[in-house]
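New to this one? Have a look at the chain first, and then we'll walk through a few spots worth finding.

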Amino acid sequence: MYKRQGYVKAIIGGRGTKTASLTLNRATDSTRQPGSTFKIVSTYAAALNEKGMTLATTYEDQPITYDNGAPVNNASGSFNGTTTIRTAIRNSVNTVAVQCFEDVTPELGLKYLDNFGFTTLVSKEDDPAHNDYNQSTALGGITNGVYNIELTAAYAALANNGVYTKPILYTKVLDHDGNVILDNSTPETHQVVKDSTAALLTNAMPVSYTHLRAHETSA
């Protein structure tokens with residue numbers, strides 16, 4: 001199977017002219033809430049890859065609540081009844097994502113997020129009372145947010161037949177004589193989802209969704 005090298009060719013960490021050294025790089029050092037970009041990696045990847053669901057699996061897009069009683073709202077402000085996972089992905093339906101995440105289970109969803117390379121999630125071991133093992137994780141409402149570069153790498157895994165490649169920011173460091181003192185050229189890779197799952201998820205994301213997420217997650 002072809003595996004990309006994971007080299008980061010360009011990165012933008014902020015707008016405007018850089019006026020100081022060691023300033024904040026928002027792509028690598030600043031966390032943000034991922035919002036609906038998380039639905040694919042937190043929920044639908046595990047659902048299709050391991051739970052026997054397909055893009056034709058249906059849920060009821062109807063009023064539901066979180067465990068604390070708060071309503072789960074759709075961005076459209078409406079509900080449309082029986083909805084396939086494909087349609088839920090295309091229209092970014094919150095109610096379906098939350099129900100599917102419950103069926104997947106937060107434990108499996110967090111396992112996939114870990115395999116997708118996210119390092120900022122809060123586990124039950126880290127904090128038994130306040131962690132990311134809850135329904136809002138399906139919609140990208142998490143404790144600490146995620147790094148832009150990690151979100152980009154997670155989506156890159158789907159484009160790479162389900163193979164995650166850890167981003168490489170430099171390949172090697174040489175001393176003044178040209179001797180290699182640090183070698184970082186070998187990519188770290190592992191299979192997150194089956195190539196068939198990656199193909200289905202990529203196919204389910206409409207062009208507008210893909211372009212939007214690429215813009216939001218570009219490093």
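Here is a short tour of an aromatic pair, two helix contacts and two backbone oddities.

Keep in mind that this is a predicted model. A good place to start is helix 1, which covers residues 38–50. Helix 1 packs against helix 3, and helix 1 also packs against helix 6.

**The aromatic pair**

- Searching the whole structure turns up one aromatic pair.
- The partners are Phe38 and Phe118, with 5.1 Å from centre to centre and 70° between the planes. The pair counts as edge-to-face, because its planes are over 60 degrees apart.
- Phe38 sits in helix 1, while Phe118 is in the loop between helix 4 (106–115) and strand 4 (146–147). The two are 80 residues apart, so the pair links distant parts of the chain.
- Buried or exposed: which is Phe38? Phe38 is buried, because its relative accessibility is 0%.
- Phe118 is buried too, with a relative accessible area of 3%.

**Helix 1 against helix 3**

- Helix 3 takes in residues 94–104, and its axis lies 9 Å from that of helix 1. The packing angle is about 55°, so the two helices are oblique to each other.
- The crossing of helix 1 past helix 3 is left-handed.
- On the helix 1 side, the contact uses Lys39, Ser42, Thr43, Tyr44, Ala46 and Ala47. Helix 3 brings Asn94, Val96, Ala97, Cys100, Phe101 and Val104.
- Sorted by type, the residues of this contact are eight nonpolar, three polar and one charged.

**Helix 1 against helix 6**

- Helix 6 (residues 195–204) packs with helix 1 at an angle of about 125°, and their axes are 10 Å apart. That makes this pair of helices oblique as well.
- Here helix 1 makes a right-handed crossing.
- From helix 1 come Ile40, Tyr44, Ala45, Leu48 and Asn49, meeting Thr197, Leu200 and Leu201 of helix 6.
- The residues in this contact split into six nonpolar and two polar, with no charged ones.

**Two unusual phi values**

- Most residues other than glycine have a negative phi.
- Thr105 isn't a glycine, yet its phi is positive, at about 85°. You'll find Thr105 in the loop between helix 3 and helix 4, and Thr105 is partly exposed, with 27% relative accessibility.
- Asn161 isn't a glycine either, and has a positive phi of about 60°. Look for Asn161 in the loop between helix 5 (148–159) and strand 5 (163–165). With a relative accessible area of 35%, Asn161 is partly exposed.

Conventions: Residues numbered from 1 in each chain as written. Predicted model: local features only at pLDDT ≥ 70, side-chain atom pairs only at ≥ 80, totals over all residues. Heavy atoms only, no water. Phe/Tyr/Trp six-rings, centres within 6.5 Å; stacked < 30°, edge-to-face > 60°. Helix = DSSP H or I, 4+ residues; strand = E, 2+ residues; numbered from the N terminus. Buried < 20%, exposed > 50% of the residue type's maximum accessible area, 1.4 Å probe, protein only. Axes fitted to C-alpha atoms, helices over the stretch in contact; angles between N-to-C directions. Parallel < 35°, antiparallel > 145°, perpendicular 65-115°, else oblique. Left-handed = near helix turned anticlockwise from the far one by under 90°. Contact = heavy atoms within 4.5 Å. Nonpolar A, V, L, I, M, F, W, Y, C, P; charged D, E, K, R; others polar.
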